[in-house]
Amino acid sequence: MNIKLLSQALLCATMCLLIVACNAPKNQDKETDLSHYITLDTVIESPFELTFATAGTIRAEAGKLAEVAMPMDGRISKSFVTLGDKVSKGTPLFSISSPDFAEQCKQYFQAEANCSLMERDYARKKKLHADGVVSKRELDETETNLELAKREFAQWQITMEALGIDRQNLKNGGIMAVCSPISGEVVRMEVSTGQYVKTDSPAPVTIANLDEVWVTAQLKEYYINRIHENDSVEVVLNADDSYHVAGHVVYIGQLLNPETRSAEVIVECVNADKRLKPGMFAHVHFTARGQKAIQIPATAVMQGEDSPFVYVVSGDGKSYEKRPVVVESADDGMMRVVSGLAIGEIYVANGGLYINE
């Protein structure tokens, strides 16, 4: 390109810049200079829904999963259920033959017989004492023996109840029926007839009721006071982000983990199709409703070197103050102002780029 053409191009570019400069606002102290380029608004509070998410783990509800362990060493004599069966509380799961159980049955019946004997003896001596045949001291000794016999028998009754054994099962020569402690479904079954199982072995049967499950989430302290029990929650499976299920908050932990600065929040979800399985990971989406907050358009927030800021109209209405703010995203192109603005102040909602420093 020759020098004459280059000079003409530079002259044209210079003229264009001069024209743009003449049309741009020149003085931020004169509102009329900027009125065509900026939009002002007043800081107000408005209803606000704060949404936030965290990771969660699915687990069975408390009291709805039971690992049925061996109450004592013994050999499996019979299995009454199979994997996937529905059972009620008290349904026999399997029976075991145990010498230890046979010995306990023997002691139970001995305690029962001794208690019955002491009751008859006391009734007899009470009558004899009334007739003047037996002394008061001898009657008192008999009454004391009766009380001891009753206590021993009551202790054996408590022991058998703790094992889930009723009196009928105590008459079958050391064969114990192990029953389900809850209603639910057999989700694990490791029982074989003739198998010898010890009390310290893993539980051979697991019963679970997974019609509803819990999702345990760790929520940061900043959000803890923004949620409440019964708040609605959305749960999304990590393994299938197309699967969404509604839930609600049933418990908000009262203890804060000092290392993670978070507290446990438990969400209950209906699990009709059994897609939510204990141990799965999920995203838990919370929405804090019923709050008011200062919200401004995202176009009002300018990014400074150190922090975001908003232009606020000064008291005389002719100049603009650069005000640092703390903000977070909201819906529909809005920003929630955490700090930095006060209700009633006038701010630049759009066009802050035209304000000269």
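Tutor: A crossing is left-handed if the near helix is turned anticlockwise from the far one by less than a right angle, and right-handed if clockwise. The structure above is a predicted model, in which local features need pLDDT of at least 70 and side-chain atom pairs count only at pLDDT 80 or more, while totals for chains, interfaces and linings use all residues. Residues are numbered from 1 along each chain as its sequence is written, and side-chain values use heavy atoms, with hydrogens and water left out.

Student: At roughly what angle do the axes of helix 3 and helix 4 cross?

Tutor: Helices (H or I, at least four residues) and strands (E, at least two) are DSSP runs numbered from the N terminus, and axes are lines fitted to C-alpha atoms, for helices over the stretch in contact, with angles from 0 to 180 degrees between N-to-C directions. Helix 3 covers residues 99-130 and helix 4 residues 136-162, and their axes come within 8 Å, crossing at roughly 155°.

Student: Why are helix 3 and helix 4 described as they are in direction, and is their crossing left-handed or right-handed?

Tutor: Angles over 145 degrees count as roughly antiparallel, under 35 as roughly parallel, 65 to 115 as roughly perpendicular and the rest as oblique. Helix 3 and helix 4 are therefore roughly antiparallel to each other. The crossing of these two helices is left-handed.

Student: Which residue forms a salt bridge with Arg137?

Tutor: A salt bridge requires a side-chain nitrogen of Lys or Arg within 4 Å of a carboxyl oxygen of Asp or Glu. Arg137 is exposed at 66% relative accessible area, where exposed means over 50%, buried under 20% and partly exposed in between (1.4 Å probe, protein chains only). The partner is partly exposed at 44% and lies four residues away in helix 4, so that about one helical turn separates the two. With the closest N and O atoms 3.7 Å apart, the residue paired with Arg137 is Glu141.

Student: Is Arg336, which meets Glu328 in a salt bridge, buried or exposed?

Tutor: The side chains of Glu328 and Arg336 meet with an N to O distance of 2.8 Å. Glu328 has a relative accessible area of 17% and is buried. Arg336, at 10% relative accessibility, likewise counts as buried.

Student: Which residues do salt bridges that share partners join into one network?

Tutor: Partners in such a network are linked through shared salt bridges. The residues joined in this way are Asp121, Arg124, Lys125 and Glu138.

Student: How many salt bridges does a search of the whole structure find?

Tutor: One of the pairs joins Glu321 and Arg323 at 2.9 Å, N to O. In this pair Glu321 is partly exposed at 38%, whereas Arg323 is buried at 16%. For the whole structure, the number of salt bridges found is 15.

Student: What is the phi of Arg261 near?

Tutor: Most residues other than glycine have a negative phi. Arg261, however, lies in the loop between strand 13 (244-257) and strand 14 (262-270), and is partly exposed with a relative accessible area of 37%. Its phi is positive, near 55°.

Student: What is the positive phi of Lys274?

Tutor: Lys274 is found in the loop between strand 14 and strand 15 (281-297). At 26% relative accessibility, Lys274 counts as partly exposed. Although Lys274 is not a glycine, its phi is about 60°.
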